[in-house]
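Visitor: I'd like a close look at just one part of this model. Pick a spot, stay with it for a while, and then show me how the surroundings fit in.

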Amino acid sequence: MTASTGRRPGKVPAVHLNYRSRAQQRGRVPDHASYFLKPSSSLTGSGPVERPAGVELLGFEGEIARVIGRTAHRVSPAEAWAHVGWVTAANDLGLYDLRYADRGSNVRAKGGDGFTPLGPTLPPAADLRRRLLLRARGDRRRIPDRLAAVSIRPRCTI
């Protein structure tokens with residue numbers, strides 16, 4: 001949902017193969033990250049996740065979600081951040097046995113209801129610190145500024 005209106009967004013663009021090391025594992029390193037769409041019904045709040053019946057390979061990826069606060073259409077990268085209203089944690093769940101069966105498509109594997117938990121808070125983007133704090137299983141680490149050097153530059157026109 002959007003924080004300002006309480007409505008679900010019309011689309012949830014997700015970045016695919018954004019990290020150079022992951023792209024190299026897959027055997028292709030694009031100049032720019034690619035995208036796929038997740039249905040808005042995949043969004044849910046933070047909380048427990050249930051493995052769907054019959055699924056063996058439930059994967060998860062920690063993500064940073066940017067919630068758009070005002071209308072944006074074909075804005076330049078320099079203007080893009082001005083349209084972000086809030087930033088929060090996201091979890092990108094994936095049913096990898098379905099992904100294999102669907103030959104790499106993310107529609108069923110990552111688009112199920114509740115497959116994109118967000119939160120637990122929605123801090124304003126203006127309050128975001130330059131460095132992010134990553135916590136995994138109680139371990140607190142700073143994400144280095146050099147992270148940008150290992151990521152593939154996003155470019156999105158959707």
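**One loop and its neighbours**

Guide: Let's start with R74, which counts as exposed at 64% relative accessibility; exposed means over 50% relative accessible area, buried under 20%, and partly exposed anything in between, using a 1.4 Å probe and protein chains only. Before going on: this is a predicted model, where local features need pLDDT of at least 70, side-chain atom pairs count only at pLDDT 80 or more, and totals for chains, interfaces and linings use all residues. Numbering starts from 1 along each chain as its sequence is written, and side-chain values use heavy atoms, leaving out hydrogens and water.

R74 sits in the loop between β4 and α2. (Helices are DSSP runs of H or I with at least four residues, strands are E runs of at least two, and both are numbered from the N terminus.) Its phi is near 55°, which is positive even though the residue isn't glycine. Most residues other than glycine have a negative phi, and most peptide bonds are trans.

Now hop to H83, in the loop between α2 (77-80) and β5 (84-95). H83 is buried, with just 8% relative accessible area. What does H83 touch? Leaving out residues up to four places away in sequence, the list is V67, I68, G69, R70, T71, A72 and V75; contact here means heavy atoms within 4.5 Å. With T71 there's a polar link too: the T71 backbone oxygen is 3.0 Å from a polar atom of the H83 side chain. A polar contact is a pair of N or O atoms within 3.5 Å; within protein, one must be able to donate a hydrogen and the other to accept it, and residues adjacent in sequence count only if both atoms are side-chain atoms.

On to the strands. β4 (residues 58-68) and β5 run antiparallel, joined by eleven bridges; two strands pair if DSSP finds at least two bridges between them. In that pairing, I64 stands opposite A89 of β5. β5 is mostly covered, with ten of its twelve residues buried.

Further out, the largest nonpolar core is made of V12, L43, A65, A90 and L118. Such a core is a set of buried Ala, Val, Leu, Ile, Met, Phe, Trp, Tyr and Cys residues joined through side-chain atoms within 4.5 Å. L118 has contacts beyond four places in sequence that include L43, A65, A89 and A90.

For the wider setting, the protein chain has five helices and eight strands, and 27% of its 158 residues count as buried.
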